[in-house]
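Me: Please take a close look at the packing in this model, and give me one connected account with the cut-offs behind each term.

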Amino acid sequence: MTMTASLDDELIFLQHTNGARQQLFQEINAALAERDIVMPSYLDALIAREDINPTAMQLENMGVAIPHVDIEHIKEEKLVVVTCPEGMEFKQAEDPDLTMKVHVIFFLLLKEKDAHIDFLMKLIGLFRQKDKMDLILHSDSKQKVKEILISALQ
């Protein structure tokens, strides 16, 4: 299954209000657990991995993060998208001692080891398309975000 095929409207969260990263992780975990997509260990694994290996990076005009965990914490392959126009504090990938504002968060839920490498390359290609990233960030239409992601990540 491709990651674009694993996009569900219920897992696209637009215009998220500014809050703490930990709170967002708990909200995403609750949504995923309710749908039986993740193991009970997911939340702790997500927090630990992001603390040790942060995924936030600065693009030309916004910050993005790609939190993910090892495959044993995932039951079903999915992509969760959260937009936060006001930004949310995440640790920087390049220097974990520093934080930055992140505006679009892609939670990768992968079932195959090393599958993330191909998908990450496609995501990085999307990150280079400022116009599409702006549309994702400012959209209030889950369908529009889904269409942009499907076209960009095929």
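Reply: What follows goes through the helix pairs and then through single residues around them.

This is a predicted model, in which local features need pLDDT of at least 70 and side-chain atom pairs count only at pLDDT 80 or more, while totals for chains, interfaces and linings use all residues. Residues are numbered from 1 along each chain as its sequence is written, and side-chain values use heavy atoms, with hydrogens and water left out.

Helices (H or I, at least four residues) and strands (E, at least two) are DSSP runs numbered from the N terminus. Two packed helices are described by the angle between their axes and the distance between the axes. Here an axis is a line fitted to C-alpha atoms, for helices over the stretch in contact, and angles run from 0 to 180 degrees between N-to-C directions.

Helix 4 (residues 130-138) packs with helix 5 (residues 142-153) at an angle of about 150 degrees, their axes being 9 Å apart. That angle makes helix 4 roughly antiparallel to helix 5, because angles over 145 degrees count as roughly antiparallel, under 35 as roughly parallel, 65 to 115 as roughly perpendicular and the rest as oblique. The crossing of helix 4 past helix 5 is left-handed, a term used if the near helix is turned anticlockwise from the far one by less than a right angle, and right-handed is used if clockwise.

In contact terms (heavy atoms within 4.5 Å), Lys-132, Leu-135 and Ile-136 of helix 4 meet Val-145, Ile-148, Leu-149, Ser-151 and Ala-152 of helix 5. Sorted by class, the contact of helix 4 with helix 5 has 6 nonpolar, 1 polar and 1 charged residues, where Ala, Val, Leu, Ile, Met, Phe, Trp, Tyr, Cys and Pro count as nonpolar, Asp, Glu, Lys and Arg as charged, and the others, Gly among them, as polar.

Val-145 belongs to helix 5 and has a relative accessible area of 0%, so it is buried; buried means under 20%, exposed over 50% and partly exposed in between, with a 1.4 Å probe and protein chains only. Leaving aside neighbours within four places in sequence, Val-145 is in contact with Ile-12, Leu-14, Val-81, Ile-136 and Ser-139. The C-alpha atoms of Val-145 and Met-133 are 9.5 Å apart in space, with the two positions 12 residues apart in sequence numbering. On the other helix of this pair, Asp-134 sits in helix 4, and outside four places in sequence its contacts are Asn-61 and Met-62.

The second pair is formed by helix 1 (residues 21-34) and helix 2 (residues 42-52), which pack at an angle of about 145 degrees with their axes 10 Å apart. Helix 1 passes helix 2 in a right-handed crossing. Helix 1 contributes Arg-21, Gln-22, Phe-25, Gln-26, Asn-29 and Leu-32, and helix 2 contributes Tyr-42, Leu-43, Leu-46, Ile-47, Glu-50 and Asp-51. By class, the contact of helix 1 with helix 2 has 6 nonpolar, 3 polar and 3 charged residues.

In helix 2 the buried residues are Tyr-42, Leu-43, Ala-45, Leu-46, Ile-47 and Glu-50, and these pack against helix 1, strand 4 and strand 5. The loops flanking helix 1 hold two residues with positive phi. Gln-15, in the loop between strand 1 (7-13) and helix 1, has a positive phi of about 55 degrees although it is not a glycine, and is partly exposed at a relative accessible area of 37%. Asp-36, in the loop between helix 1 and helix 2, likewise is not a glycine and has a positive phi of about 60 degrees, with 45% relative accessibility, which counts as partly exposed.

The two strands that helix 2 packs against can each be followed through one residue. Lys-78 lies in strand 4 (residues 78-91) and is buried, with a relative accessible area of 7%. Its side chain makes a polar contact of 2.7 Å with that of Asp-8 and a polar contact of 3.3 Å with that of Glu-76; such a contact is a pair of N or O atoms within 3.5 Å, where within protein one must be able to donate a hydrogen and the other to accept it, and residues adjacent in sequence count only if both atoms are side-chain atoms.

Val-102 is placed in strand 5 (residues 99-109) and is buried at a relative accessible area of 0%. Not counting residues up to four places away in sequence, Val-102 touches Ala-56, Gly-63, Val-64, Ala-65, Cys-84, Gly-87, Met-88 and Phe-90. Of these, Val-64 is 38 residues from Val-102 in sequence, yet 5.0 Å from it in space, C-alpha to C-alpha.
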